[in-house]
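Please keep the model open while you read this note, and look up each residue as it is named. The points below go from rings and charges to cysteines, a pocket, loops and the chain start.

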Amino acid sequence: MELKKGTLLSSIRMETMAAEGKCVAHYDGRVLFTTGCAPGDVADVELTKIKSNFLEGKAVNIIELSPDRDEPFCMHFGLCGGCSWQHIQYRTQLTYKHQQVIDNLERIGGLELPPVNAIIGSARQSRYRNRLDFTFTASRWMTREELDAGGTMGQPGLGFHIPKMYDRVFNVETCHLMDTPVDKLRNLVRDTAVKNDIPFFDLRRQVGYLRTLTIRMTQAGEMMVILQVAYDEPQWLEIILDTITANFPEARSVNYIINGKRNDTFHDLNIITWKGDSWITEKMERPDGKGQLNFRIGPKSFYQTNSLQAEVLYKEAWKMAGLTGSELVYDLYTGTGTIANYIAADCKKVIGLEYVAAAVEDAKVNAQLNGNLNTDFYAGDMKDLLSESFILEHGKPDVIITDPPRAGMHEDVVKMLLRIAAEKIVYISCNPATQARDLKWLSESYRIAAVQPVDMFPQTMHVENIVLLTRK
Ligand SMILES: C[S@@+](CC[C@H](N)C(=O)[O-])C[C@H]1O[C@@H](n2cnc3c(N)ncnc32)[C@H](O)[C@@H]1O
């Protein structure tokens with residue numbers, strides 16, 4: 001049969017899961033990647049792409065359901081890009097994530113691995129996030145069912161972008177990623193804006209007023225709210241922000257931003273606090289179990305999105321670092337200094353380096369809050385900040401902990417790590433593919449002593465991984 005776009009392949013058994021969350025099968029000697037199914041399913045597949053060495057398609061008819069399937073729990077499943085693995089049992093998700101780490105390290109990194117530790121699952125498999133960013137839209141996405149039921153286009157909405165569609169937002173009624181007050185707060189903001197004729201932003205035409213709503217929440221239930229609007233209109237701000245403060249006493253930090261830019265990023269914008277403090281405070285058990293640490297989180301600061309599992313992640317990194325009390329440690333990509341403050345009691349000194357100046361200010365406050373006088377924090381781009389002169393001034397580290405963003409480390413940073421030649425490097429990553437690339441470079445002078453995958457993001461294809469490197 002000649003294969004072309006639209007060709008229907010019948011009864012294909014899905015063998016496994018690829019890194020991007022597509023199922024993998026084989027047809028005609030080629031690998032076939034399929035969306036809309038689960039590993040173990042047997043499905044009819046309509047081809048969408050034909051290449052000499054691989055095929056792509058979508059499942060149009062599931063003939064046999066995999067025993068590894070689960071019932072999706074969210075009404076927005078299929079439309080939302082957030083929890084795209086809900087239809088796969090959690091223990092099977094963990095198996096694929098574990099394999100994803102091994103595949104990346106072996107295939108991309110070409111690395112020799114010790115036995116990879118069993119992946120540590122998340123105690124919470126829903127409502128595990130501490131932050132969500134919702135987008136206002138003047139014309140929300142309408143599903144086929146809504147249109148069939150008489151719904152009309154041009155309705156305002158507040159929700160998430162549809163994957164890969166920057167200007168398409170669907171209205172979120174319920175989201176299982178954060179605790180329930182978040183659903184109530186978001187829906188109340190939307191209803192209040194509609195009732196008072198406050199214009200929602202039109203993403204295509206770039207007109208309108210309400211742009212985004214960010215909600216962050218600590219484990220104790222303290223909330224931070226950040227409302228982004230397109231221009232200053234005090235009357236409308238008052239209606240929305242006073243409604244929040246009147247109905248949610250747990251919203252301890254209520255803020256707004258005036259953003260006239262074409263995009264919604266706010267790292268470069270002024271944040272104005274309407275009510276309460278400009279921060280919330282998260283607590284975390286000390287690694288030795290002797291009391292708690294306090295972390296102040298500002299609106300622009302990064303904090304691991306799964307707070308409960310962050311403790312597990314940090315504890316594993318702490319164990320790998322094996323600190324004795326005498327070490328100088330560098331904590332690269334320190335954010336609000338969470339790891340630096342977590343390990344400070346167990347080493348001589350920690351130096352945290354981070355790009356976002358506001359996060360560095362939070363890191364310094366966090367050091368004070370926790371009585372960690374042996375910490376220092378510096379702001380700047382890692383590739384410029386981590387230099388020969390920095391090492392001369394601050395000393396050569398015995399241990400480096402590095403926790404870069406998804407893109408991994410800049411090549412110059414990796415080269416610098418090779419020049420510094422610390423005895424140990426603990427590399428935490430939320431993207432095993434870029435981690436594998438960086439490890440390949442580092443393997444010139446380091447061997448991999450331990451690998452520990454940790455699941456921070458249940459119901460998604462994402463996995464966190466910690467690698468301990470020791471000098472050859
Ligand atoms: C994955 S977060 C880790 C934060 C922190 N280690 C934690 O656990 O909370 C990555 C951090 O790297 C910072 N970052 C991103 N690019 C950077 C760069 N080029 N130079 C320095 N820091 C950077 C981000 O602002 C963010 O705080």
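1. A residue is called buried when its relative accessible area is under 20%, and exposed when that value is over 50%, with partly exposed in between. The model shown here is a predicted one, and with these cut-offs in hand, you can see that Phe-295 and Tyr-303 are both buried.

2. The aromatic rings form 11 pairs in this model. In one of them, the ring centres of Tyr-256 and Trp-274 are 6.1 Å apart and the planes stand at 75°, so this pair is classed as edge-to-face. Because Tyr-256 belongs to strand E12 (residues 251-258) and Trp-274 to strand E13 (residues 272-276), the pair ties together parts of the chain that are 18 residues apart in sequence. The two partners can also be described by their accessibility: Tyr-256 is buried, with a relative accessible area of 12%, whereas Trp-274 is partly exposed, with a relative accessible area of 30%.

3. The pair made by Phe-295 and Tyr-303 has ring centres 6.4 Å apart and planes at 50°, so it is described as tilted. Elsewhere, ring pairs join Phe-134, Phe-160 and Phe-170 into a cluster.

4. Which residues lie over the faces of Phe-201 and Trp-279? Over the face of Phe-201 you will find Arg-211, at 4.4 Å from the ring centre, and over the face of Trp-279 lies Arg-296, at 3.7 Å from the ring centre.

5. Why does the structure hold zero disulfides? A disulfide requires two cysteine sulfur atoms within 2.5 Å, and the sulfur of Cys-37 has its closest cysteine sulfur, that of Cys-23, at 3.7 Å, which is too far for a bond. Cys-37 itself is buried, at 3% relative accessibility, and Cys-347 is buried as well, with a relative accessible area of 6%.

6. The second largest pocket deserves a look of its own, with a volume of about 900 Å³. Its lining is made of 27 residues, of which Thr-35, Gly-36, Gly-78, Ser-84 and Pro-163 lie nearest the centre of the pocket. When the lining residues are sorted by kind, they divide into 11 nonpolar, 11 polar and five charged.

7. Two loop residues are worth checking for their backbone angles. Lys-164 is not a glycine, yet its phi is positive, near 65°, and this residue sits in the loop between strand E8 (157-162) and strand E9 (165-171). Ala-421, which is not a glycine either, has a positive phi of about 55°, and its place is in the loop between helix H10 (411-420) and strand E20 (424-429). Are these residues buried or exposed? Lys-164 counts as exposed, at 88% relative accessibility, whereas Ala-421 is buried, with a relative accessible area of 15%.

8. Finally, consider the start of the chain, where Met-1 lies in the segment before strand E1 (8-13). At 68% relative accessibility, Met-1 counts as exposed. The C-alpha atom of Met-1 is separated by 54 Å from that of Met-382, a residue 381 positions away along the chain.

Technical notes: Residues are numbered from 1 along each chain as its sequence is written. This is a predicted model: local features need pLDDT of at least 70, side-chain atom pairs count only at pLDDT 80 or more; totals for chains, interfaces and linings use all residues. Side-chain values use heavy atoms; hydrogens and water are left out. Buried means under 20% relative accessible area, exposed over 50%, partly exposed in between (1.4 Å probe, protein chains only). Rings of Phe, Tyr and Trp (its six-membered ring) pair if their centres lie within 6.5 Å; planes under 30 degrees apart count as stacked, over 60 as edge-to-face and the rest as tilted. Helices (H or I, at least four residues) and strands (E, at least two) are DSSP runs, numbered from the N terminus. A charge sits over a ring if NZ of Lys or CZ of Arg is within 6 Å of the ring centre and within 35 degrees of the ring normal. On a 1 Å grid over the protein atoms alone, a cavity is a set of points where a 1.4 Å probe fits but cannot get out, and a pocket is an open set with protein on both sides within 12 Å along at least five of seven lines; lining residues have an atom within 4 Å of a point. Grid points are joined across faces, edges and corners, and a volume is the space filled by probe spheres set on the points. Ala, Val, Leu, Ile, Met, Phe, Trp, Tyr, Cys and Pro count as nonpolar, Asp, Glu, Lys and Arg as charged, and the others, Gly among them, as polar.
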